[in-house]
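Me: I have a structure open here and would like to talk it through step by step. Could you help me read it?

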Amino acid sequence: MIGCILTGHGSFAPGVYGALTMIAGEQDFFDVIAFEDGQNVDDFEEKMKQAVKQLDQTCEGVLIFSDLLGGSPFKTAMIAAQDFDAVEVIAGANLPMLIETIGLRYANTDLEQLTQQAITAGQTGVVHPKLVIKEDDEFGEEGI
């Protein structure tokens, strides 16, 4: 199984993880590491390194999801990842990406394949649908 870490600024990671568990239940081998306002960067880096190290010892790889490319959580994850052979980092994490990934990580999916599938799921999860209501079907479900 591939272990996962979700990180980001403020309440991003705990909030998204809360939504994920509401939909898919509690997750094994999944850590949430928030970079909180006013937090010492060295403390945050140490938490990240420890989480990666622990998952690396128990899993077949680690996939780190970060909220924003270039932010402190992303940079910290990249630095932590360089010390391990099987750790990948994705920036731009979203809920569709996580839902898809948690199901696939139990399969015989290698880390690189899972990373690519997560990116695809995240990209296809961003849509802009339009609501069209038919006037002749004012109360029916077929109007949407």
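**A walk through the fold**

Reply: A good place to begin is the right-handed β-α-β unit that is made by β3, helix α3 (residues 72–81) and β4. Please keep in mind that this is a predicted model.

Me: OK, and what does the secondary structure of the whole protein chain come to?

Reply: The protein chain has five helices and four strands, and, read from the N terminus, its elements follow the order β-α-β-α-β-α-β-α-α.

Me: In what order do the four strands sit in the sheet?

Reply: The order is β2-β1-β3-β4, in an open sheet whose pairing is parallel. The edges are taken by β2 and β4, and each of these has a single partner strand, so one side of each is left without a neighbour in the sheet. On average, neighbouring strands of this sheet are turned by 20° against each other, if direction is ignored.

Me: Which helices pack on that sheet?

Reply: One of them is helix α2 (residues 41–58), which touches β1, β2, β3 and β4 and whose direction makes about 170° with that of β2. Another is α5, which packs on the sheet by touching β3 and β4, and the direction of α5 makes about 10° with that of β4.

Me: Let's go back to β3. How many bridges join it to strand β1?

Reply: Five bridges join β3 to strand β1 (residues 3–9), and the two run parallel. Within this pairing, Cys4 stands opposite Leu63 in β3, while the bridge partner of Leu6 is Phe65.

Me: And what about strand β4, how many bridges there?

Reply: Strand β4 (residues 87–91) also pairs with β3 in the parallel sense, over five bridges. Leu63 has Glu88 as its bridge partner in β4, in addition to standing opposite Cys4.

Me: Is β3 enclosed or open, then?

Reply: Strand β3 (residues 62–66) is largely enclosed by the rest of the structure, because five of its five residues are buried. Both of its faces are covered, with Val62, Ile64 and Ser66 buried on one side and Leu63 and Phe65 buried on the other.

Me: How much of the whole protein chain counts as buried?

Reply: The protein chain has 144 residues, and 39% of them count as buried.

Me: New topic: at what angle do α4 and α5 pack?

Reply: Helix α4 (residues 95–104) and helix α5 (residues 111–124) pack at an angle of about 150°, and their axes are 7 Å apart. Their crossing is right-handed.

Me: Which residues meet there?

Reply: From α4 there are Pro96, Met97, Glu100, Thr101 and Leu104, and these meet Leu114, Gln117, Ala118, Ile119, Ala121 and Gly122 in α5. Sorted by class, this contact has seven nonpolar, three polar and one charged residues.

Me: Is Thr101 buried or exposed?

Reply: Thr101, which lies in helix α4, has a relative accessible area of 1%, and because buried means under 20%, Thr101 counts as buried. If its neighbours within four places in sequence are left aside, Thr101 is in contact with Leu63, Phe65, Leu114 and Ala118. Leu63 and Phe65 are among the buried residues of β3, and Leu114 and Ala118 are in α5.

Me: What is unusual to look at in the backbone of Phe29, I mean its phi?

Reply: Phe29 has a positive phi of about 55°, although it is not a glycine. Phe29 is found in the loop between α1 (12–24) and β2 (30–35), and, with a relative accessibility of 38%, this residue counts as partly exposed.

Me: One more residue, Glu45. Where is its place?

Reply: Glu45 has its place in helix α2, and it is partly exposed, with a relative accessible area of 24%. Glu45 and Ile79 are 34 residues apart in sequence, and from C-alpha to C-alpha they are 8.7 Å apart in space.

Me: What share of the contacts comes from residues 24 or more positions apart?

Reply: Among the contacts in the protein chain with a separation of 6 or more, residues 24 or more positions apart account for 71%.

Me: Last one: what box do the C-alpha atoms fill?

Reply: Taken along the principal axes, the C-alpha atoms of the protein chain fill a box of roughly 60 × 40 × 25 Å.

Methods:
Residues numbered from 1 in each chain as written. Predicted model: local features only at pLDDT ≥ 70, side-chain atom pairs only at ≥ 80, totals over all residues. Heavy atoms only, no water. Buried < 20%, exposed > 50% of the residue type's maximum accessible area, 1.4 Å probe, protein only. Pairing = 2+ DSSP bridges. Right-handed = clockwise from strand over helix to strand, strands pointing away. Axes fitted to C-alpha atoms, helices over the stretch in contact; angles between N-to-C directions. Left-handed = near helix turned anticlockwise from the far one by under 90°. Contact = heavy atoms within 4.5 Å. Nonpolar A, V, L, I, M, F, W, Y, C, P; charged D, E, K, R; others polar.
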